[in-house]
Amino acid sequence: MSSTSSLILKLSPLALPYLALFCGGVFLTVCQSFGLLTPLPYPGGMVDAYLELLTDSSFFASFVFSLGVAAVSAASAVTIGTLLAYRIWKLPGRLATVALVYKIPLVLPHIAVAFVVLVFWSQSGILASAAHQLGLIRSMTEFPNVLYSGWGIGMILAYTLKGTPFAMLLVMAMLVRFDARQIQTADMLGASGLRIFFSVVLPRLAPAMHTGFIILFLYSFGAFDIPYILSESRPGMLSIQVYNLYFKHDLARRPEAMAILTIMFGFAVLFIVAYSKVVRRLEDGVRKL
Amino acid sequence: MDLSVCKITKRFKNRTVLADISFDVGPRELVSIVGPSGVGKTTLLKIIAQLDRPDAGVVNFSHPPTKKHPVIIVFQDYVLFPAMTVRGNIGFGLRARKMGKQQIGFQVDRMLDYFQLANMGEHYPSQLSAGQKQRVAIARAMIVNPAVLLLDEPFANLDRNLKMETARFIRQTQQAFGIPTISVTHDLEEAFAMSDRIGVLLDGRLRQFDTPKQVYFNSASPNVARFLGPVNTIPEDVFARFQVNGYNGGRNSSGVILARPENLIMTADEEGPGRIVEKTFAGHYSAYTIDLQGTAYTAYSQDDRFMPGQRVVLTLKPY
């Protein structure tokens, strides 16, 4: 048996479920988006579902809205996570141990985080109540309608809350290996705290930040649970649109749901490739010691 | 600018790492503190650089260091900024001072030329050899005109054949820039070659602080002498055998003379009191072990004609 065959055989316990579940799922989705392998015969043409979507302005509105929510929440989570991780890393040892409470939101399910945001930020929530009790607003309905303002702020808050500890975890892993003498050296050379952070620390954290951003962005772009609790009907997130098309319409519209999923998958792949290329170009020549 | 280190003591938990360390460094002077690994040399540097605090004692500067004229350590592994080019690393201190781009470029070019890095400006640290990294680190420090330059084990990561060349370069650079410099190292030859004065740190105490020649040939104690290299202990009752009259070298409080092997001169004499028992080739000299009244003495000689079994007279040469 050749070494390649032997390697494939050894990998098969992992590779087979992956092929069956992931690749099979993608294959079935793509097929159904073309009206093939559907539970009932699809009366339309092979690209009808795509034509339907591409001529529907609400699809583009949802696409752009989903992109916006994902980009803002991922960028916020990575930025806040990086700054907090750096602060914690600089704390004296004992305090840094206490600061590990930041990991708690990691174990909360997304849906729980959505409810946390709802409980705090809704017009009948804790913040509205506190503002009312403090006399800042006359009635709770005067509290700004943060969650349903049409900008997806509720979802952004939830994704940021959930994504920040994840970004911190990635950045912390880099900081553990970061040589603190670089900061001492930069300080001796007369650099301010800001210059040290941006010129010396940040370039070393960039790989973790990029990875964190890609993961959080793609998750927020396609996830369902938080939008289900916190999204608005117009514009809606793409995941909600898929859910509605799949479960709340007749079977004839399922290829449209599958077409959205296919477009989202294609976009995710393109995004990773393009983002990686840009980052590689920006960091061209920069190597670690 | 000069500085004096006064009675510095540092403890880690219950262990005293540095005890009562005092010495001073004059303007334009290069001082080396030598000692075995783990004796607290780097801790001493960090205290001088104010990166660590002593439990007792103080470091006094004739002109206290400022953000503009700081004390700068060049660490053992240089700690270059990996995401910056050589040019970026060297110019970092000037950018921190918000100097104009053109002026930074001019000064960095000068440094690149002086440190023989002119064609390396756009390289990243990972593309440099250890010697080049060290030059970048020293250039990065020198460009901001530091009050004091501290070198932590400057020869530790260099190939053997590069060490002496680097020592000369450091000496030449230090003289050219006129910056008081303290180096801690366990590379003795290089420390001797480049330093105005040397301190010997043993067991957390500064056992001797003097010129290299004085420290080497007139060591304050047998321990200091042995740390600096092979040494013969000549007891008082055999002084006559070594014709020590007029010898101005190390004679310690117990009356014995500490004599370096290179200070023992062998002369062939069939009636001589010493007998060569071993000869070892050591490159540019030969090491001889001579038995004299039951005690073994070591002598170095470039004369290769002596043979084991041969009788010799040993004479102590003043240094």
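How many cavities of 30 Å³ or more does a search of the whole structure find? The search finds two. The model on display is predicted, and the tour below visits both cavities, a pocket in chain A, and several strands of chain B.

**Stop 1: the largest cavity**

Select A:T185 and A:L189 together with B:I72, B:I73, B:V74, B:F75, B:Y78, B:A137, B:R140 and B:A141; these residues line the largest cavity. The space inside amounts to about 40 Å³. Two elements of chain B, β5 (71-74) and α4 (130-142), give two or more residues each to this lining. Colouring the selection by class will show eight nonpolar residues, one polar residue and one charged residue.

**Stop 2: the second largest cavity**

Keep α4 of chain B in view and add β6 (148-152) and α5 (160-177) of that chain, since each of the three supplies at least two residues to the lining of the second largest cavity. The residues to select are B:I138, B:M142, B:L149, B:L151, B:I170, B:T173, B:Q174 and B:T181. Which element provides the largest share of this lining? It is α5(B), with three residues. The cavity holds about 30 Å³ of space. Its lining comprises five nonpolar and three polar residues, with no charged residue.

**Stop 3: a pocket in chain A**

Turn now to chain A and display α1 (3-33), α10 (193-222) and α13 (254-282), each of which supplies at least two residues to the lining of the second largest pocket. The full lining is A:F22, A:V26, A:T29, A:V30, A:L218, A:F221, A:G222, A:L261, A:T262, A:M264, A:F265 and A:A268. With five residues, α13(A) gives the most. The pocket contains about 300 Å³ of space. Nine of the lining residues are nonpolar and three are polar, while none is charged.

**Stop 4: the domains of chain B**

Colour residues 3-222 of chain B as domain 1 and residues 231-316 as domain 2. The centres of these two domains, taken over C-alpha atoms, are separated by 38 Å.

**Stop 5: a three-stranded sheet in chain B**

Select β1, β2 and β4 of chain B, which form an open sheet in the order β2-β1-β4 with antiparallel pairing. Why do β2 (15-25) and β4 (56-61) each have one side without a neighbour in the sheet? Both stand at the edges and have a single partner strand, so one side of each is left free of a neighbour there. From one strand to the next, the twist averages 15 degrees.

Next, show the backbone of β1(B), residues 3-12, beside β4(B): five bridges join these antiparallel strands. Label B:V5 and look across to B:V59 in β4(B), which stands opposite.

**Stop 6: strand β13 and its partners**

Finally, select β13 (residues 274-281) and β14 (residues 286-292) of chain B, an antiparallel pair with seven bridges. B:G274 has B:L292 of β14(B) opposite. Four residues lie between the strands of this hairpin, and within the hairpin B:G283 takes a positive phi near 85 degrees.

Add β16 (residues 311-316) of chain B, which pairs with β13(B) in the antiparallel sense over two bridges. To find this pairing in the viewer, label B:R275 and B:R311, the latter in β16(B); the two residues stand opposite each other.

Key. Residues are numbered from 1 along each chain as its sequence is written. Chains are lettered from A and ligands numbered from 1 in the order in which they are written. This is a predicted model: local features need pLDDT of at least 70, side-chain atom pairs count only at pLDDT 80 or more; totals for chains, interfaces and linings use all residues. Side-chain values use heavy atoms; hydrogens and water are left out. On a 1 Å grid over the protein atoms alone, a cavity is a set of points where a 1.4 Å probe fits but cannot get out, and a pocket is an open set with protein on both sides within 12 Å along at least five of seven lines; lining residues have an atom within 4 Å of a point. Grid points are joined across faces, edges and corners, and a volume is the space filled by probe spheres set on the points. Ala, Val, Leu, Ile, Met, Phe, Trp, Tyr, Cys and Pro count as nonpolar, Asp, Glu, Lys and Arg as charged, and the others, Gly among them, as polar. Domain bounds come from an automatic or database domain assignment. Two strands pair if DSSP finds at least two bridges between them. Axes are lines fitted to C-alpha atoms, for helices over the stretch in contact, and angles run from 0 to 180 degrees between N-to-C directions.
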